[in-house]
Amino acid sequence: MIDVLEIGDFLDARACADLRDELQRTAGSPATLLGRNKAAPLVRRTTRAALPAATRERMTGLLMERKAAIERHFGLALTSCEEPQFLLYQPGDFFVAHQDGNTPLVFDDSRFRKVSAVIFLSAQSQEPTADSYGGGSFVFHGSYSDPMLRVPMAPAPGTLIAFRAETTHEVTPVTHGERFTIVTWFRGVTPPGRRPALRLRTAPRPKHSPPRRSPDGPGQCCRG
Ligand SMILES: O=C(O)CCC(=O)C(=O)O
């Protein structure tokens, strides 16, 4: 079972339409992965729009109003949410299956990410229509006890879904139209006793050895 909190009325239709317009009008750049400043187009292909500070702050305020409900649902203490990312997926864009944080073997900044939140701003539809997109399914993957489980979500525009940051999920390639979402991560405290379960050390490379494989290939560890 996937533990998801769905808030259907997070934004109304007018707010979704205004944000879609704003996203379309605003310049953006390829979204990167946590802790990297270069895009990884084999892993995550979407455009992150640089919306004005006023819009970002308004969205952060709306998200923080839901913090208590999210804490109650997941039984977690949360501190803040990360700067929301305003995303535009065009045909061919996707995000491979990944986890956002809070996974025991990875001891980087992602360990503070406890709950991921995605706000859907447009509707999915098989037939191309104005303001809808095809493909671009948001799909949860089961965990170790149920690895073949797949749970696609197609919430109505204005819906926020929240889930534990360690839940594997993906966005399948968009086939038509434009898909708009806003994503953020609620952060929490990690107990001070927690240490990396595994420290990965890279052995020095012998002279004249072939270059290592790119860390950005599919199946490599990645954070949204
Ligand atoms: O855009 C979405 O629907 C989700 C994106 C995502 O999975 C992420 O940023 O971690």
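Leaving aside neighbours within four places in sequence, Ala162 is in contact with Leu5, Ile70, Val115, Ser116 and Ala117. The model is predicted. Ala162 also belongs to the largest nonpolar core, a set of 37 residues. Within that core, Val115, Ala117, Ile119, Leu121 and Ala162 touch the most other members. Two helices and several strands contribute: helix 1 (13-25), helix 2 (53-65), strand 6 (85-89), strand 7 (94-98), strand 8 (113-120), strand 13 (160-164) and strand 16 each supply at least two residues. Strand 8 provides the largest share, 5 residues.

The ligand was examined next. Its surroundings consist of Leu87, Phe95, Asp100, Val118, Phe138, His169, Val171, Thr181, Val183 and Gly224. By class, this shell has 6 nonpolar, 3 polar and 1 charged residues. Strand 14 (169-171) and strand 16 (179-188) each supply at least two residues of the shell. Strand 16 therefore serves both sites, as at least two residues of the core and at least two of the ligand shell come from this strand.Strand 14 also takes part in an open sheet. This sheet has 5 strands, in the order 3-7-14-11-12, with antiparallel pairing. Strand 3 (44-45) and strand 12 (150-153) stand at the edges. Each has a single partner strand, so one side of each is left without a neighbour in the sheet. Strand 7 and strand 14 run antiparallel and are joined by 2 bridges. His98 has His169, in strand 14, as its bridge partner. His169 is also one of the residues that surround the ligand.

Further pairings involve strand 10 (residues 132-135). Strand 9 (residues 123-124) runs parallel to strand 10, and 2 bridges join them. Here Gln124 has Tyr133, in strand 10, as its bridge partner. Strand 10 also pairs with strand 15 (residues 174-177), in the antiparallel sense and over 3 bridges. Gly135 stands opposite Val174 of strand 15.

One loop residue was also considered. Gly35 lies in the loop between strand 2 (28-30) and strand 3. Gly35 has 10 C-beta neighbours inside 10 Å, and so counts as exposed, the cut-off being 12 or fewer. Outside the four places on either side in sequence, the contacts of Gly35 are Asp108, Asp109 and Arg223. Gly35 and Ser110 are 75 residues apart along the chain, and their C-alpha atoms are separated by 8.8 Å.

Notes: Residues numbered from 1 in each chain as written. Predicted model: local features only at pLDDT ≥ 70, side-chain atom pairs only at ≥ 80, totals over all residues. Near = placed C-beta within 6 Å. Helix = DSSP H or I, 4+ residues; strand = E, 2+ residues; numbered from the N terminus. Nonpolar A, V, L, I, M, F, W, Y, C, P; charged D, E, K, R; others polar. Core = buried A, V, L, I, M, F, W, Y, C linked by C-beta atoms within 7 Å. Buried ≥ 20, exposed ≤ 12 C-beta atoms within 10 Å, placed from the backbone. Contact = placed C-beta atoms within 7 Å. Pairing = 2+ DSSP bridges.
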